Amino acid sequence: MRLSAQFLWLIPALPLLAAGIGAFTPRGGRALAAGAAITAMALAFLVACAAFLAALRDPTAHLVYNFTWFDVGTSPLRLGWLLNPLTAVMCVMVTFVGLLIFIFSLGYLHADPNFTRFFCFLSLFAAAMLGLLVANSLLLLFICWELVGLASYLLIGFWFHKPAAAAAAKKAFITTRIGDLGLLLGILWLYDATGSLLFFDGGNGVLEAKALASLITQTTVGGLAVSTAIGLLIFCGAIGKSGQFPLHVWLPDAMEGPTPVSALIHAATMVAAGVFLIARVFPLMAADQGLATVPLHALTVVAFIGALTALLGAVIAIAQNDIKRVLAFSTVSQLGYMMLALGVGSWVAAIFHLLTHAFFKALLFLGAGSVIHAAHHEQDIRNLGGLRGPLRLTFATFAIGTMALAGVPFVFSGFWSKESILHAAHAWHVSMLPLAAGLIAVVLTAFYMTRLVAETFFGHARSPVAAAAHESPRRMTTPLMILAGGTIALSFIGTPYWPWLQHFLDPTAHADPSDLQLMILSIVLVALGSGTGWALYARHPRPRPTAADPLARLAPPIITALAARLHFDEFYHATFGQFSHGFARFADGLDRFIWDGAIRFLARLSEFAGSVNRDVDENALNGGFDAASENLRAGGKTYAQAQTGQVQGYLRFVAVGFVLLALAALLGGFR
Amino acid sequence: MNLSPLHFCLLFSSGLFCIGLIGALSRRNAILVLLGIELMLNAANLNFIAFWRFSPNPENGHGILFVVFSIAVAAAEAAVGLALVISIYRHQKNIRLPEATRLKG
């Protein structure tokens with residue numbers, strides 16, 4: 001079926017419609033809300049497959065459909081959809097993994113009273129994420145970016161009655177917001193510099209030659225090229241959204257949300273949005289810096305931050321005891337790998353790892369969800385153990401996911417994607433530090449995942465809930481099996497011996513020969529890590545929940561620091577948090593005493609004027625008038641005394657007057 | 001001084017007028033006040049007659065006509081005055097004028 005880019009809007013629109021239906025569904029309308037969400041996602045998957053087939057036809061084309069949203073004065077504000085291999089592959093992945101997670105949620109949240117609200121928010125998230133993927137306009141991308149952050153906030157804080165969940169949701173939103181500020185500044189600057197927000201626009205788009213040429217030649221603060229500066233600002237958004245150092249602190253806390261949320265948002269899709277963004281604007285990030293005064297590549301910064309994050313996440317994960325926290329830090333580490341791949345110049349390797357990571361990390365999270373569901377929401381691995389027997393299917397799929405993540409060779413896709421990243425790092429001319437960090441992280445990844453599996457599934461049950469666990473229902477285990485199948489299947493599309501995916505995503509790149517030495521080295525490192533983990537945790541399983549961790553016996557201060565996540569939260573609280581508190585107190589004081597004082601002073605002035613007015617009015621004016629009236633009345637009373645009421649008295653006056661008149665006439669002469 | 005008959009008549013009518021005035025001003029009884037008023041009117045009538053009688057041409061009846069009209073008016077006014085007295089009596093059950101002070105201000 002031939003699909004033109006014009007119909008790409010269907011992919012995000014269908015889940016959005018389901019979200020709208022879910023918003024108006026009453027609490028009891030579970031079937032309607034869930035049915036709408038799952039149907040919409042399934043239909044979106046079909047449309048995504050059609051788009052994928054259309055992209056297969058011509059992988060080099062960037063099919064766009066642009067339209068004007070509204071006019072700002074004389075300049076039109078244009079939005080659009082973009083269909084290219086990257087879009088197609090991402091849409092298929094998001095819809096497929098999302099569909100499986102939706103089906104898993106049917107079983108996981110079966111007992112929750114807010115079932116319909118959950119599916120409404122899930123559909124909203126899916127719509128926003130898919131909108132982000134198909135967008136050809138940076139504005140539309142940013143809108144969907146923020147919507148995805150909102151959906152994350154709503155879903156992390158789904159059980160908002162728990163203070164920890166509400167705080168975690170707030171923390172996630174605020175931390176990503178800090179990154180989003182950088183992204184917004186980058187977008188605005190890009191619009192100012194090039195006059196367009198569209199990626200591809202028949203030659204005028206920001207990723208096309210004309211715009212890039214103008215951006216390379218202009219320089220800005222510190223001698224950086226404008227393209228580098230904009231690239232760094234856009235990377236800020238990716239740092240926030242994808243949990244890179246230093247904004248990684250929200251991801252572990254985000255595990256307060258339900259496990260399907262952790263699987264969908266914080267493993268497979270939303271955190272991958274940062275990686276996707278950098279891959280999308282890769283031509284801008286990779287633009288030649290030869291003309292700038294300071295030839296700093298934005299990608300260099302990306303690579304180093306990615307390497308640091310990969311190492312940081314892996315190191316902290318080895319000391320965590322909550323099943324979801326281990327997986328969260330693992331996600332941080334793997335996202336660091338993806339940024340590393342982008343930084344060393346191979347966005348294809350990054351996207352390949354993103355795809356494989358989506359599958360095996362979603363698998364691991366859903367497996368963890370199955371374990372949590374079976375153990376009645378016990379998440380501490382020190383209290384679990386021996387679940388291999390009762391939870392056979394979960395164990396099998398979790399093991400497949402673990403092997404993919406650790407990088408067990410050949411059959412599991414994680415090995416091939418990690419290999420391509422390490423290969424690209426090895427070929428980087430600037431520094432070998434990212435490669436070193438990547439290799440160390442390989443060991444640590446294998447180690448902590450083996451530790452997790454050993455503590456959870458092997459040994460004997462260390463608590464009553466672990467002993468009473470039983471396998472999850474079919475609704476929850478079927479997605480696990482499908483994801484496990486996908487994890488293995490994906491390994492066949494990206495190997496160096498048949499790089500179908502790499503060729504599809506970027507047909508212009510030349511094929512890299514495989515590096516056998518690096519492959520052998522990474523296999524050895526994986527064996528080293530897994531072996532150590534097995535020896536420490538599976539050979540002599542933990543006897544009691546309170547028994548000391550074998551690592552803690554070796555280097556207690558380091559392990560306690562790692563278990564406390566290297567005190568990043570405390571550091572941020574002590575610096576930015578305290579500063580904000582202090583500034584807020586200062587602003588409060590300013591407001592209360594100075595501004596409020598000024599207003600109260602003005603009020604007092606008005607009051608005083610009013611009282612003066614009143615005094616003048618009452619005493620001077622009224623008093624004056626009253627006194628005058630009193631005088632008038634007194635005068636009247638005096639005159640009224642002449643009115644005796646006696647007729648004869650009045651007559652007397654008349655007579656006397658007459659006499660006087662006569663006298664006057666007589667004496668004065670008759671006139 | 002030469003007192004002609006006209007002077008006598010005029011003096012007489014003035015005296016009558018004064019008596020009438022004093023009576024009207026100082027009697028307590030309302031009817032006696034009316035009496036005084038009648039006296040004053042009649043004094044004026046006398047004045048008219050005196051001037052008519054001792055005028056250059058007494059044959060035209062102007063003076064008598066004046067008096068006839070005056071007597072008629074006096075009669076009407078006496079009627080009205082008596083009606084007022086009856087009203088006062090109805091209010092106060094006597095006709096002592098000093099007691100009629102309801103218009104006192």
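What follows is a dialogue on reading the main features of a predicted model with two chains, A and B.

Colleague: How should I begin with the overall make-up of chain A, and how many helices and strands are there in chain A?

Modeller: A count of secondary-structure elements is a plain place to start, and in this predicted model chain A holds 26 helices and two strands. The extent of the chain comes next: along its principal axes, the C-alpha trace of chain A spans about 160 × 65 × 50 Å. The radius of gyration of chain A is 38 Å, well over the 26 Å that the globule rule gives for 671 residues, and therefore chain A is more spread out than a compact globule.

Colleague: What share of chain A counts as buried, and what share of the contacts in chain A with a separation of 6 or more joins residues 24 or more positions apart?

Modeller: Of the 671 residues of chain A, 49% count as buried. As for the contacts with a separation of 6 or more, 79% of those in chain A are between residues 24 or more positions apart.

Colleague: Turning to chain B, which pattern does chain B follow along the sequence?

Modeller: Chain B reads α-α-α, with three helices and zero strands. Its radius of gyration is 17 Å, well over the 13 Å given by the globule rule for 105 residues, so chain B is more spread out than a compact globule. The C-alpha atoms of chain B fill a box of roughly 55 × 30 × 20 Å along the principal axes. Buried residues make up 13% of the 105 residues in chain B, and 50% of its contacts with a separation of 6 or more are between residues 24 or more positions apart.

Colleague: How many residues does each chain bring to the contact between them?

Modeller: Ten residues come from chain A and eleven from chain B. On the side of chain A that touches chain B, the largest share, five residues, comes from helix 26 (residues 647-668) of chain A. By class, that side of chain A has four nonpolar, five polar and one charged residue.

Colleague: When I look at a pair of packed helices, what should I read from the crossing angle, for instance at what angle do the axes of helix 14 and helix 15 of chain A cross?

Modeller: Angles over 145 degrees count as roughly antiparallel. The axes of helix 14 (residues 323-343) and helix 15 (residues 347-374) of chain A come within 9 Å and cross at roughly 175°, which means that these two helices are roughly antiparallel. Among the residues that make the contact are L327(A), T331(A) and Q334(A) of helix 14, together with L354(A), H357(A) and K361(A) of helix 15. The contact between helix 14 and helix 15 of chain A has 14 nonpolar, four polar and two charged residues.

Colleague: What helps me to read such a list of contact residues?

Modeller: An α-helix has 3.6 residues a turn, so residues three or four places apart point the same way.

Colleague: Why is helix 18 of chain A described as largely enclosed by the rest of the structure?

Modeller: Helix 18 is largely enclosed because 21 of its 25 residues are buried. Helix 18 (residues 433-457) of chain A reaches 36 Å from its first C-alpha to its last, close to the 36 Å expected at 1.5 Å a residue. G459(A), whose phi is positive, near 75°, follows helix 18.

Colleague: Taking a single residue, is P85(A) buried or exposed?

Modeller: A residue counts as buried if 20 or more other C-beta atoms lie within 10 Å of its own; P85(A) has 23 such atoms within 10 Å, and so P85(A) is buried. P85(A) lies in helix 3 (residues 85-108) of chain A, and, leaving aside neighbours within four places in sequence, P85(A) is in contact with A55(A), P59(A), F504(A) and L505(A).

Technical notes:
Residues are numbered from 1 along each chain as its sequence is written. This is a predicted model: local features need pLDDT of at least 70, side-chain atom pairs count only at pLDDT 80 or more; totals for chains, interfaces and linings use all residues. Two residues are in contact if their C-beta atoms, placed from the backbone, lie within 7 Å. Helices (H or I, at least four residues) and strands (E, at least two) are DSSP runs, numbered from the N terminus. Ala, Val, Leu, Ile, Met, Phe, Trp, Tyr, Cys and Pro count as nonpolar, Asp, Glu, Lys and Arg as charged, and the others, Gly among them, as polar. The expected span of a helix is 1.5 Å times one less than its number of residues. A residue is buried if 20 or more other C-beta atoms lie within 10 Å of its own, exposed if 12 or fewer, and partly exposed in between; C-beta atoms are placed from the backbone. The radius of gyration is taken over C-alpha atoms; the globule rule is 2.2 Å times the number of residues to the power 0.38. Axes are lines fitted to C-alpha atoms, for helices over the stretch in contact, and angles run from 0 to 180 degrees between N-to-C directions. Angles under 35 degrees count as roughly parallel, over 145 as roughly antiparallel, 65 to 115 as roughly perpendicular and the rest as oblique.
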